[in-house]
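Reader: Hi! Could you walk me through the aromatic rings and the cysteines here?

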Amino acid sequence: MSSHHIVRDEQEPALIIFNPSFNEQTIQELLEWSPTVITKSELIEELLPYGFKIDVVIGSMEGKESVMSLLSHQQPFKYLSKNISDDDLLQAIYYLTASKYKAANLLLEPKEETLNLINPFLNQLDLVIYDQSVKWIYSRESTFSKWLPAGAVLKFRSDSIRITQNQKPLEYELLSGECVCKVQEEGQTVISGQEGFWLGQSV
């Protein structure tokens, strides 16, 4: 797996990889546009076998020398030093906003604390989260609709969200702290909730 190294455009979404257990087809699709790839120092050895270009690494001063050696064949790249107590994801987002990026795709686990961390930046950045076979998008509106195929699986964290199809409410069940709704028939599906919410869909 490789990505062509071309001049990056900050209008293209960056790619933040903080979970090495990603869906390989998904990352191949995300790499097609040669995005700026950002990761953290402790994942470098796991990511190197995939062969794609890494552009920005976040890590401590103590880990810099090791990363510079591991990625010597990938020069140029940026190493963003941080204090050990600094949050890696927060540093990545600071980098995006300072570099005038408008959007990013994130490969990570959407834990509640992670979402709380990035929510304040959602007015500045369009962020999409990929967690294995689920794509999480953030809706700024209280209601939106989309065409969904039969068998599509939707996930959300708030029981205030309502999903309807052909004006009929769809039922959901609570699994591992998430509300899970399986669409039985294809059709236009309306999702509504409080303004600003995360919604996951199987990919």
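Author: Happy to! F22, Y50 and F52 are linked into a cluster by ring pairs. Rings of Phe, Tyr and Trp (its six-membered ring) pair if their centres lie within 6.5 Å; planes under 30 degrees apart are stacked, over 60 edge-to-face, and the rest tilted. This is a predicted model, where local features need pLDDT of at least 70 and side-chain atom pairs count only at pLDDT 80 or more, while totals for chains, interfaces and linings use all residues. Residues are numbered from 1 along each chain as its sequence is written, and side-chain values use heavy atoms, leaving out hydrogens and water.

Reader: How many aromatic pairs does the count come to?

Author: Six aromatic pairs by that rule. F22 and Y50 form a tilted pair, because their planes are at 55 degrees, with the ring centres 4.9 Å apart.

Reader: And are F22 and Y50 buried or exposed?

Author: F22 is buried, at 12% relative accessibility, and Y50 is partly exposed, at 25%. Buried means under 20% relative accessible area, exposed over 50%, and partly exposed in between (1.4 Å probe, protein chains only).

Reader: Switching topic: how many disulfides are there?

Author: Zero, by the rule that a disulfide is a pair of cysteine sulfur atoms within 2.5 Å. For C179, the nearest cysteine sulfur is that of C181, 9.8 Å away.

Reader: Why is there no bond for C181?

Author: Because its closest cysteine sulfur, in C179, is 9.8 Å away, too far for a bond. C181 is buried at 0% relative accessibility, and C179 is buried with a relative accessible area of 4%.
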